[in-house]
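The following paragraphs lead through a few regions of a predicted model, beginning with a loop residue and then turning to a sheet and a pair of helices.

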Amino acid sequence: MRHLSIALALTCARAQTVVAPPATAYAPTPRPSTYPPTPSTYGPSAVPTYAPTTQKRREERPTVAPTPCPIQDDPLWHKWGDDSKDCQWVAVLPEVRCDVYGQEGRPASQACARSCGACDPTAFPTSGDPSGAPSPAPSLAPTPAPSRTEEPSAAPTPVPSTPSPTSTPTSFQKLVRVGFFPQAVPMMAGIGTRLFDDPTYRFAFFPQSTGAAATAKLDAGELDIAIMGTAPLAGFSARGVDLTMIYLLYEITTEEALAVRDDIISPRDLFNTTLAAPPQSSSYMLLLFVREVFEVEFRIKGLAPDQIVDEFNDGKIDGAFVWGGALAALKDEGRILLDAALLRTWGEPASDVVVASSRFAFDEPEAVDRFAGLCAALDASFAARELNGLWDPAKPDGLAAAAVAAEGVFSWEDEAIRAATIAAMATHRYVDASDQLDPALAVEVERSLDNLVAVDVQNKFLYAAEPTGRWYPRLRPPRVEYAFLARGVEETYDLDVPFDGDAWPAPSPQPVACALRTELTGSGVFADGSGDDAVYAAGERCEWVLYGDGPVVRVAFPRVALWVGDELRVYDGIGTAGDLLGVISGFHRENPFFVFDARENATVVFTTDVYSDASALYDETTRPLGPLVFDPGFSAAFFRPPPCDDSAFDDDQRNCAGTCVDGLCRCPPGFGGAGCFAALPACLGTVLLDEATGAFASALDALLEKERYAPDDVCRWVIRGAGAVVRFWIEYDVEITFDKLQFYSGEGGDAIVFDVISGNGYREVTVPLKNGSATVEMKTDDVAARSGFNATYEVLDEACSSDAGCFGDGTCRDGACVCPEGYFGLDCASTSCIADSSRGPGNQTLRSNAPGFTYAPGAECRWRLRTRDGSSAPFSPSNTPVNTTRLFVTLASYEVTETLRVTAPDPGNPSALPPCWPT
């Protein structure tokens with residue numbers, strides 16, 4: 001029996017204790033609640049929050065009406081891959097079916113809110129109440145310029161009598177989207193012969209660049225199954241991406257290696273060089289291991305494979321740990337210094353594994369069973385290739401030819417290429433299915449994944465909640481589930497299926513780049529430029545400036561099909577200095593949300609990440625199952641809308657469910673689209689709030705257990721008022737350190753960051769108004785979304801009127817609180833330092849946090865300092881004691897004005913703070 005070599009060569013004490021929530025923890029409510037909570041709820045929550053446990057009684061906070069319920073469930077929603085299962089189907093068994101995801105990635109709990117009981121029908125206003133929530137409204141007017149005509153669907157084919165692969169999809173086949181690396185492994189032959197397809201499931205295969213890119217697509221619901229290394233599986237699972245490992249494809253040996261310049265002869269020569277590896281990849285982990293084992297310092301850059309080749313050729317890096325075509329390119333220009341096989345013998349194993357989205361795995365277990373079982377069958381067949389003859393490279397219709405065709409790099413018709421592919425397959429170390437099902441091996445695999453998580457924590461790719469080393473409670477180990485493989489290997493698969501080269505599709509065309517800047521006037525249409533039969537290019541930034549022919553220009557997107565990491569941004573005005581109207585990504589059919597109105601002119605910016613995203617193999621035969629998935633890109637139209645009219649509900653001319661302001665229809669929080677008639681499932685763009693009190697949230701269902709905000713998103717709320725400050729009460733759940741809520745004094749380019757929140761809990765934040773406004777901004781990255789936030793606010797004339805308005809025994813002076821050491825903000829409500837941590841003139845002891853509390857994750861704190869004689873304040877790390885719980889800087893004779901900036905990226909490693917003291 002072949003076991004994984006498991007050893008932990010890195011020495012680091014790691015406590016893996018999960019913090020249990022105290023009895024008085026502030027728990028998220030099932031629906032957005034009104035505030036304030038009772039005073040006892042100000043205590044700590046399940047993870048450390050940054051408010052004191054003992055608070056002074058505060059003034060009552062404003063209350064808001066409950067969010068209205070939609071008039072009806074979405075009539076267009078249906079379960080992914082099954083048009084017959086709509087909201088009526090959900091209503092029969094809501095306790096189970098409300099968690100099912102639909103064709104656009106929306107769960108039934110959102111689309112079928114009434115059937116799922118996710119809203120209160122009694123809270124919906126009557127039709128005669130003009131102050132109520134907007135009701136469904138007329139469709140867009142005028143109709144955008146003609147959009148592309150969808151291709152006709154394929155006619156249903158008869159059900160095959162045997163579970164052999166089908167050449168064209170049947171009307172009831174469910175689409176399974178698989179991300180893979182084009183490489184010489186037996187699984188590729190199953191792709192080339194379409195062995196994975198059966199009467200129930202149709203498998204579409206999408207080439208990927210890295211495991212990190214594939215993980216983001218799994219998390220976004222754009223892929224169902226993917227191949228990746230153990231490092232991204234461990235790291236992203238720990239961050240909360242719900243992944244399940246279902247099969248160990250092979251143990252990485254010579255497939256990944258460190259290629260360097262010719263003059264680097266030994267690992268000692270790596271000193272002071274610059275090396276690269278794809279971020280969050282097994283190669284990156286192995287490069288860290290090289291640095292640790294040889295005790296040699298070098299810089300590491302996180303680059304995509306294509307970037308690695310370019311920077312190596314340009315002399316910007318000295319080498320890289322990488323795989324595939326990038327490794328071959330570097331090897332041609334340099335040399336291999338060492339590979340993963342050598343590092344495995346030293347105790348650092350790495351493997352490529354098959355991973356499924358847990359949501360998909362437990363919703364469609366038969367598809368996962370089949371995929372794992374066929375992978376095992378193909379591996380076993382390859383091991384017995386001398387006996388069965390199925391892999392004979394001399395056969396142009398054998399499995400060797402099918403594997404070459406699926407890789408899409410070389411000609412499957414060349415026998416020498418087929419022979420080389422079989423030889424490359426033989427270099428892998430495969431693990432028999434019987435060994436994978438051995439409980440002892442499963443334990444070793446899980447231990448190896450846990451060790452990788454620990455390395456991530458040590459190297460600050462993941463973050464603990466407390467400097468004591470206790471893990472953030474949502475930091476969880478990867479899930480390994482071999483039950484799918486156990487069921488899959490019980491089936492018998494006929495692998496003797498001839499490869500039909502004539503039916504194999506031609507290679508996908510090269511990606512098409514869009515124009516850097518395009519100016520359009522009046523009205524018209526535009527698109528990404530790739531057309532129907534190509535894909536857009538990686539690493540692009542293209543801009544369309546739209547000059548309207550009236551006071552308002554409307555921009556509509558009838559088709560959006562963008563992989564996660566690629567996005568559209570729509571701005572009001574010329575350029576990107578105006579209000580951000582919305583960020584769009586993902587795969588969507590006609591969507592009423594993606595319609596934006598701007599003053600006179602608008603700007604659309606299309607950016608793509610550095611990862612090459614291709615359309616699926618066999619796009620023609622699979623197209624009827626999901627046309628948008630196989631034609632990535634977007635199309636858009638812009639035109640002059642009819643004049644804004646927000647008159648009474650019974651007025652037939654009414655086209656604005658919000659408020660008409662300077663010809664624009666301003667939407668209330670939670671609504672968008674043309675005329676604000678669409679209830680938004682998530683925040684979108686910039687929302688203006690000019691009432692003295694109000695509420696807003698990241699989504700209508702924010703903080704519900706199943707709610708997840710959008711990846712790679714930016715949303716803003718601008719509060720305008722006549723007071724001096726605005727006070728926010730906010731309950732939040734955003735991914736610690738990676739996603740943030742930022743509070744600004746002012747708006748636009750003149751805004752100044754005042755405070756930053758990350759993690760989860762409850763906070764009160766008071767922000768000074770600048771020129772009568774303040775801004776809240778939510779920024780998210782591409783994976784591990786959480787449930788968002790709910791907030792209420794009130795514009796006030798002063799931060800405090802008496803000492804009772806100050807936390808932490810602060811005192812009120814001239815409408816603002818003077819805070820004791822370790823408390824921050826205009827009302828001393830924060831027990832962690834904030835972006836503006838200055839406390840006033842005079843001798844001070846600067847502290848990063850209040851006694852008994854930790855500083856906030858991802859904190860970026862600033863103190864303005866000046867000596868009394870006007871000279872700069874001399875600092876050095878040597879006179880700045882730092883320990884695991886707090887940071888002290890004692891100033892004997894300094895007053896506030898010059899800037900001292902302290903950045904704390906990892907609360908688990910405060911001693912790693914950069915030496916950013918002015919000297």
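In this predicted model, D198 is placed in the loop between α4 (187–192) and β2 (201–207). With a relative accessibility of 11%, D198 counts as buried, because that value falls under the 20% cut-off. The side chain of D198 has a polar atom 2.9 Å from the backbone nitrogen of T200, and a polar atom of that side chain also lies 2.6 Å from the backbone nitrogen of Y201.

Further along the chain there is an open sheet of five strands, ordered β7-β6-β8-β5-β9 and with mixed pairing. The edges are taken by β7 (299–302) and β9 (335–339), each of which has a single partner strand, so one side of each has no neighbour in the sheet. From one strand to the next the twist averages 30 degrees. Within the sheet, strand β6 (residues 274–277) and strand β8 (residues 319–323) run parallel and are joined by two bridges, and L275 stands opposite G319 in β8.

Two helices pack on this sheet. Helix α8 (residues 305–313) touches β5 (256–260), β6, β7 and β8, and its direction makes about 150 degrees with that of β8, whereas helix α9 (residues 324–333) touches β5, β8 and β9, its direction making about 140 degrees with that of β8.

Elsewhere, the axes of helix α14 (residues 399–407) and helix α15 (residues 415–425) come within 9 Å and cross at roughly 90 degrees, which makes α14 roughly perpendicular to α15. In this contact, A400, A401, A403, V404 and E407 of α14 meet I417, R418, T421, I422 and M425 of α15, and the residues involved divide into seven nonpolar, one polar and two charged.

Key: Residues numbered from 1 in each chain as written. Predicted model: local features only at pLDDT ≥ 70, side-chain atom pairs only at ≥ 80, totals over all residues. Heavy atoms only, no water. Axes fitted to C-alpha atoms, helices over the stretch in contact; angles between N-to-C directions. Helix = DSSP H or I, 4+ residues; strand = E, 2+ residues; numbered from the N terminus. Parallel < 35°, antiparallel > 145°, perpendicular 65-115°, else oblique. Contact = heavy atoms within 4.5 Å. Nonpolar A, V, L, I, M, F, W, Y, C, P; charged D, E, K, R; others polar. Buried < 20%, exposed > 50% of the residue type's maximum accessible area, 1.4 Å probe, protein only. Polar contact = N/O pair within 3.5 Å; in protein donor to acceptor, adjacent residues only side chain to side chain. Pairing = 2+ DSSP bridges.
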